[in-house]
Every structure is written in structure tokens, then in C-alpha cells.
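Okay, thanks everyone, I'll keep this short. Have a look at the sequence and the structure while I talk.

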Amino acid sequence: MEGRLSPTYQQQAQLLADLREDLDLIRYPARVRMLRAVDEAAHRADSLARLEHALLRLRLP
């Protein structure tokens, strides 16, 4: 999927990955909630990228 990602999406995905890595250092209760939030944001961003790609493909002749 990387070949069709915009630079902005790649930067955001890297930011989420870095944030998830940083959260590994935080203690358990807060860490679990924050990791879930980051994972959900990453999943939504991936879904949005797939949707945008599909819509762009529909517009092409």
C-alpha cells in the first residue's frame, strides 16, 4: 500500500508509530488506554487512505 500513500499520510502514520513506541514507556493503566486510542487512530487513517484510493480509482478512465 505504500506506493499509493501521500507524503502527508506517511508522515502521519510515522507519527502514530512513534507515539505508540513512546507509549510503551508509560505505566500500565494509562498506557493501555493510550495505546488503544493510537491503534484506533491508525486504523481509521488506514481505512481513510484505502477509501480515498478506491474513490480515485473509480474516477480514472
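Start with Arg50 and Asp46: their side chains form a salt bridge, with 3.0 Å from N to O. This is a predicted model, by the way, so keep that in mind throughout. Why do those two sit about one helical turn apart? Because they are 4 residues apart in helix 2, and that makes about one helical turn between Arg50 and Asp46. As for cover, Arg50 is partly exposed, at a relative accessible area of 47%.

There's another pair like that. Arg44 and Glu40 also meet through their side chains in a salt bridge, and here the N to O distance is 2.7 Å. Again we're in helix 2, and again the spacing is 4 residues, so Arg44 and Glu40 are separated by about one helical turn. The general picture is familiar: an α-helix has 3.6 residues a turn, so residues three or four places apart point the same way. And side chains of opposite charge can pair when their charged atoms come close.

Is Arg44 buried or exposed? Exposed, since its relative accessibility is 57% and the cut-off for that word is over 50%. Glu40, at 42%, counts as partly exposed. How many salt bridges do we get in total? The count comes to 2.

Right, let me zoom out. The protein has 2 helices and 0 strands. Of its 61 residues, 13% count as buried. The accessible surface comes to about 5,300 Å², and 57% of that belongs to carbon and sulfur atoms.

Helix 2 runs over residues 28-59. With 32 residues at 1.5 Å a residue, helix 2 should span 46 Å, and its end C-alpha atoms are indeed 46 Å apart, so the two values agree. Helix 1 covers residues 7-23, which is 17 residues, and reaches 24 Å from its first C-alpha to its last, close to the 24 Å expected.

Now, which residues are buried in helix 1? They're Tyr9, Leu16 and Leu23. Looking down the axis of helix 1, the buried residues fall within an arc of 50°, so they line one face of the helix. What do they pack against? Helix 2. On the face of helix 1 turned away from that buried side, you find the exposed residues Pro7, Gln11, Leu15 and Glu21. So there's a leucine among the residues on that exposed face, too.

From the other side, the buried residues of helix 2 are Val32, Leu35, Val38 and Ala49. What covers them includes helix 1.

Let me walk through a few places where the helices come together. Tyr9 lies in helix 1 and has a relative accessible area of 14%, so it counts as buried, the cut-off being under 20%. Tyr9 and Ala45 are 36 residues apart in sequence, but 7.9 Å apart in space, C-alpha to C-alpha.

Next, Leu35, which is in helix 2. Leu35 has 9% relative accessibility and counts as buried. How far is Leu35 from Leu23 in space? C-alpha to C-alpha it's 6.8 Å, with their positions 12 residues apart in sequence.

Leu35 turns up again when you look at Arg20. Arg20 has its place in helix 1, and the C-alpha atoms of Arg20 and Leu35 are separated by 6.2 Å, for residues 15 apart along the chain. Setting aside its neighbours within four places in sequence, what does Arg20 touch? Arg20 is in contact with Leu35, Val38 and Asp39. Two of those names, Leu35 and Val38, are on the buried list for helix 2. Arg20 itself counts as partly exposed, at 33% relative accessibility.

Last stop, the surface. There's a nonpolar surface patch of about 400 Å², made by Leu48, Leu51, Leu55 and Leu58. Take Leu55 as an example: Leu55 is found in helix 2 and is partly exposed, with a relative accessible area of 38%.

To sum up: the buried residues of helix 1 pack against helix 2, the salt bridge count is 2, and four leucines, Leu48, Leu51, Leu55 and Leu58, make a nonpolar patch on the surface. That's me done.

How values were computed: Residues are numbered from 1 along each chain as its sequence is written. This is a predicted model: local features need pLDDT of at least 70, side-chain atom pairs count only at pLDDT 80 or more; totals for chains, interfaces and linings use all residues. Side-chain values use heavy atoms; hydrogens and water are left out. The expected span of a helix is 1.5 Å times one less than its number of residues. Buried means under 20% relative accessible area, exposed over 50%, partly exposed in between (1.4 Å probe, protein chains only). The arc is that of the directions from the helix axis to the C-beta atoms. Contact means heavy atoms within 4.5 Å. Patches are made of residues with over 30% relative accessible area and no salt bridge: like charges are joined within 9 Å, nonpolar side chains (Val, Leu, Ile, Met, Phe, Trp, Tyr) within 5 Å. Accessible areas come from the Shrake-Rupley method with a 1.4 Å probe; for residues, only the protein chains shown count as cover.
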